[in-house]
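User: Hi! I'd like to go through this chain with you and ask how each label is earned.

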Amino acid sequence: MKFNTKAIHGGQHNIDPAYGSVMAPIYQTTSYRQNTPGSHQGFEYSRSGNPTRSALEKSLASIENGKHGLAFGSGVAAIDAILKTLTPGDEVISTSDLYGGTYRLFNRIYKDLGIKFHFIGMQNPQTVESYINPNTKLIWIETPTNPMLNIIDIEAVAKISKEHKLLLAVDNTFATAYLQKPLDLGADMVMQSATKYLGGHSDVVLGSIVVNNDKLAEQLYFIQNAGGAIPGPMDCFLVLRGIKTLHLRMQRHSENAKAVAEYLKTHPKIENVYWPGLKEHPNHDIARKQMKDFGGMVSFTTKGNSYEEAIKFIENLKIFTLAESLGGVESLAGHPASMTHASIPKAEREKTGIVDSLIRLSVGVEDEEDLINDLKQALG
Ligand code: P1T
């Protein structure tokens, strides 16, 4: 099956042997009847497994071209499960420009549990090599990065990771499996905040991991069950439904983001526009190589780098909603320095470009003209 067919049917054959329902039923149950202890129809208890979650996990594996899918209660819970494969003394090399909540989990929880992190820029993949030592176990990549939209060459980092027998995990939240397939490019694990584009309607919080390696899948399944950070069946149903239109939405998100980025580029008040589809984006060629299109996230700064002007601009928007999060059908605008990335110390975040005037847009699937008119009036 090709991608669009997989988004709708991947892993979904014979989804309801009881009644043949076309869509996966919501199995709102904690437990399953056994005839004699240990004799059941594949499910015992809903932390360990639930048919709706299982349908979603098969869909997730299918769209990522992977073998095993695992769903978690949030994107951060999925990242947490990956970190639990490590032991004290292990070292992680991570992109320095990444979601603030990921940074907080690494730097405020796992650092105290004895894991050492190196946060580095990875636009030149060779930089990674100088941080590898016998304790290094994991490379963590976010691409495109949140919120600076930097692009990291997954294939090049995967080559380094394999040479040194390390694990490579990719946060695919901004691109999604529609635009980018990290496992095909050599990654060992692909993680997503399904809260964003997979769910697609800003009504569910959920996380996913997909892997090919059976042993790694077994280890992550053990952590999923033992740690218990699982999503409920209704949330699994919502993400499963979202995935069925992922290809349609991502295409429109990308088209609208292109129009927005090109408009902002010509505006006299704008200093920098960050969108990997722009030819002048420093990693445009890598983005073209590893992505099908360039996605719906656009960041920009205004001339003079004024905090007050940035806040005034987002307050003036009428169609874009000032809110955290991204990836829904509706357009959102955020101020990373005071919202999504406030947990990163000012000096650290400014090193990666998260300055006071930086605005992040999650460009939705409304009419392009309405979105541009909204930006025009708010900038005016
Ligand atoms: O919110 P949650 O589902 O736990 O996902 C965390 C997460 C992980 N990775 C990336 C790249 C993300 O952007 C996020 C969540 N991000 C936001 C809430 C945000 O507004 O950027």
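Analyst: Happy to help. Let's start with contacts: among those with a separation of 6 or more in the chain, 73% join residues 24 or more positions apart. Please keep in mind that this is a predicted model.

User: What makes the radius of gyration of the chain agree with that of a compact globule?

Analyst: The rule is 2.2 Å times the number of residues to the power 0.38. For 380 residues a compact globule would come out near 21 Å, and the chain has 21 Å, so the two agree. Along the principal axes, the C-alpha atoms fill a box of roughly 75 × 50 × 35 Å.

User: How much of the chain counts as buried, and what is the cut-off?

Analyst: Buried means under 20% relative accessible area, and 56% of the 380 residues count as buried. The chain exposes about 16400 Å², with carbon and sulfur atoms supplying 51% of that area.

User: Which domains does the assignment give?

Analyst: Domain 1 covers 3-243 and domain 2 covers 247-379. Their centres, taken over C-alpha atoms, are separated by 26 Å. The contact between them takes 42 residues from domain 1 and 42 residues from domain 2.

User: How many helices and strands does the chain have, and what is the order of the seven-stranded open sheet?

Analyst: There are 14 helices and 12 strands in the chain. The seven strands of the open sheet follow the order 1-7-6-5-4-2-3, and their pairing is mixed. At the edges are strand 1 (68-72) and strand 3 (116-120), each of which pairs on one side only. From one strand to the next, the twist averages 20 degrees.

User: Why do strand 2 and strand 3 count as paired?

Analyst: Pairing needs at least two bridges between the strands. Five bridges join strand 2 (residues 91-95) to strand 3, so the two count as paired, and they run parallel. You can find one position by eye: Val-92 stands opposite Phe-117 in strand 3.

User: What makes strand 4 and strand 5 a pair, and how covered is strand 5?

Analyst: The same test of at least two bridges applies. Strand 4 and strand 5 have five bridges in the parallel sense, and the bridge partner of Trp-140 is Ala-169 in strand 5. Four of the five residues of strand 5 are buried, and that strand is mostly covered.

User: Which strands do helix 2 and helix 3 meet?

Analyst: Helix 2 (residues 51-63) packs on the sheet and touches strand 1 and strand 7 (207-211). The direction of helix 2 makes about 125 degrees with that of strand 1. Helix 3 (residues 75-83) lies across several strands, including strand 4 (136-142), strand 5 (167-171) and strand 6 (189-193), and runs at about 155 degrees to strand 6.

User: How do you know that strand 12 pairs with strand 9 and with strand 11?

Analyst: Bridges decide again, with at least two needed. Strand 9 (residues 297-302) and strand 12 have four bridges in the antiparallel sense, with Val-298 opposite Leu-361. Strand 11 (residues 332-334) and strand 12 have three, also antiparallel, and there Gly-334 has Arg-360 as its bridge partner.

User: Which way do the residues of strand 12 point, and are they buried or exposed?

Analyst: In a regular strand the side chains alternate between the two faces of the sheet. In strand 12 (residues 359-362), Ile-359 and Leu-361 point one way, while Arg-360 and Ser-362 point the other way. All of these residues are buried.

How values were computed
Residues are numbered from 1 along each chain as its sequence is written. This is a predicted model: local features need pLDDT of at least 70, side-chain atom pairs count only at pLDDT 80 or more; totals for chains, interfaces and linings use all residues. Side-chain values use heavy atoms; hydrogens and water are left out. Axes are lines fitted to C-alpha atoms, for helices over the stretch in contact, and angles run from 0 to 180 degrees between N-to-C directions. Contact means heavy atoms within 4.5 Å. Buried means under 20% relative accessible area, exposed over 50%, partly exposed in between (1.4 Å probe, protein chains only). Accessible areas come from the Shrake-Rupley method with a 1.4 Å probe; for residues, only the protein chains shown count as cover. Domain bounds come from an automatic or database domain assignment.
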